Amino acid sequence: MKDIKLKDKIAQGINDLFYIWKREFQTTFRDQGVLIFFILVPLGYPLLYSFIYDNEVVREVPAVVVDDSHSSLSREYLRKVDATPDIQIVSYCADMEEARQMLKNRRAYGIIYIPSDFCDNIAKGKQTQVSIYCDMSGLLYYKSMLIANTAVSLDMNKDIKIARSGNTTDRQDEITAYPIEYEEISIFNPTAGFAAFLIPAVLVLIIQQTLLLGIGLAAGTARENNRFKDLVPINRHYNGTLRIVLGKGLSYFLVYILVAFYVLFVVPRLFSLNQIGQPGSLALFVVPYLAACIFFAMTTSIAIRNRETCMLIFVFTSVPLLFISGISWPGAAIPPFWKYVSYIFPSTFGINGFVKINNMGATLSEVAFEYKALWLQAGIYFLTTCWVYRWQILMSRKHAIERYKELKEKENLSKQVSD
């Protein structure tokens with residue numbers, strides 16, 4: 001008889017699990033708020049960010065010139081700067097005051113100043129200089145200004161050294177121009193672009209944040225629809241911790257396995273972002289990341305009391321989480337306290353592991369730290385989710401019993417009055 005009861009209990013648990021999975025799946029597509037965060041935001045946000053940064057690098061930065069030399073050599077320098085893809089000279093100013101005014105009015109983002117003794121010093125064999133001033137409110141403007149002027153100055157330096165050397169062969173000219181020959185190679189980011197460096201991290205973070213918002217919104221809706229404002233409804237199918245956690249988790253996982261494929265595989269291919277990782281390694285890495293994000297979101301949903309609360313709690317965390325992940329800001333420069341705080345969130349390990357596999361061609365064994373950390377987080381947050389829902393089941397029963405006693409007392413009181 002005990003074996004039969006145990007089998008019946010297991011069968012009932014499995015039936016309840018699939019009932020909860022079905023109901024949660026229906027809620028996802030019936031609740032417009034959850035549908036927006038689970039489907040529309042993951043579909044639209046990656047495209048929006050990718051379109052914004054699709055140019056990869058800043059080109060043709062407007063710059064103005066103050067040429068106090070008025071020499072053929074200064075004009076040659078400026079022609080070469082203007083010919084680079086990074087800088088576009090938009091005006092020649094009479095003095096620095098006029099140039100500063102153009103910078104202030106945002107008609108230009110940089111100033112190139114050539115002193116009056118520029119050509120004379122070169123003719124006398126003295127060192128000369130070119131000064132550049134840049135609007136540092138945008139670091140990419142400074143990067144373009146610096147790269148263009150550095151490249152032109154090195155090129156002209158080469159010609160000046162060759163002219164003064166008195167060499168008789170081309171080989172001697174090559175050695176004079178470049179005593180130490182160097183070659184610049186942009187590893188893992190061939191275009192040295194902004195999108196190739198930032199977008200992969202943003203894509204991984206979108207998955208975590210939309211799960212937090214969607215599951216939080218669903219939790220807020222459940223509380224608003226519950227008579228006692230509890231997370232777990234009074235329902236015979238919601239009578240066990242594991243069946244609730246696994247049923248809900250399976251529903252979210254099946255939705256987000258498709259979302260993750262679109263966000264992490266399709267979007268980078270649409271915008272020709274760097275993808276050199278093995279699909280198998282990437283797929284195996286995504287599984288613990290999704291599990292960790294789902295159970296983390298289910299654990300934090302205990303703090304959601306209504307539908308609007310999740311927006312106030314989770315939305316503002318996106319930018320800080322991107323910073324402390326170690327991608328947009330060097331991990332070595334992050335203070336130890338914030339580094340340990342970042343270990344709370346699955347996005348930290350997810351971003352670093354995804355970038356290493358997808359952009360750097362790492363294997364699963366080479367991201368073992370991030371991979372194991374995600375499985376550890378999935379296990380820990382699964383236990384915390386079970387604890388949260390077990391506590392909610394007990395609270396729901398307590399409120400139901402209290403309500404029953406209250407109704408019973410009212411019924412007894414009314415009988416006494418009628419007698």
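In the predicted model, Met298 is in contact with Ile215, Val245, Lys248, Gly249, Tyr252, Thr385 and Tyr389, when residues up to four places away in sequence are not counted. A second core, lying apart from that of Met298, comprises 19 residues, including Val65, Val81, Ile112 and Ile114.

Met298 belongs to the largest nonpolar core, which holds 79 residues. Together with Ile207, Leu211, Tyr256, Leu264 and Tyr389, Met298 touches the most other members of this core. Two or more residues each are contributed by helices H2 (32-52), H8 (194-225), H9 (241-270), H10 (279-300), H11 (309-314), H12 (318-324), H14 (346-358) and H15 (368-418). The greatest contribution is that of H8, with 17 residues.

The protein chain as a whole contains 15 helices and four strands. Its radius of gyration is 32 Å, whereas a compact globule of 419 residues would have a value near 22 Å. Along the principal axes, the C-alpha atoms occupy a box of roughly 120 × 50 × 35 Å. Of the contacts between residues at least 6 apart in sequence, 78% link residues at least 24 apart.

Buried residues account for 43% of the 419 residues in the protein chain. The exposed surface of the chain amounts to about 23,500 Å², and 61% of this area is supplied by carbon and sulfur atoms. The chain carries 42 positive and 37 negative charges, and the mean positions of the two sets are separated by 15 Å.

Key: Residues are numbered from 1 along each chain as its sequence is written. This is a predicted model: local features need pLDDT of at least 70, side-chain atom pairs count only at pLDDT 80 or more; totals for chains, interfaces and linings use all residues. Side-chain values use heavy atoms; hydrogens and water are left out. A nonpolar core is a set of buried Ala, Val, Leu, Ile, Met, Phe, Trp, Tyr and Cys residues joined through side-chain atoms within 4.5 Å. Buried means under 20% relative accessible area, exposed over 50%, partly exposed in between (1.4 Å probe, protein chains only). Contact means heavy atoms within 4.5 Å. The radius of gyration is taken over C-alpha atoms; the globule rule is 2.2 Å times the number of residues to the power 0.38. Accessible areas come from the Shrake-Rupley method with a 1.4 Å probe; for residues, only the protein chains shown count as cover. Lys and Arg count as positive and Asp and Glu as negative; His and the chain ends are not counted. The place of a charge is taken as NZ of Lys, CZ of Arg, CG of Asp or CD of Glu.
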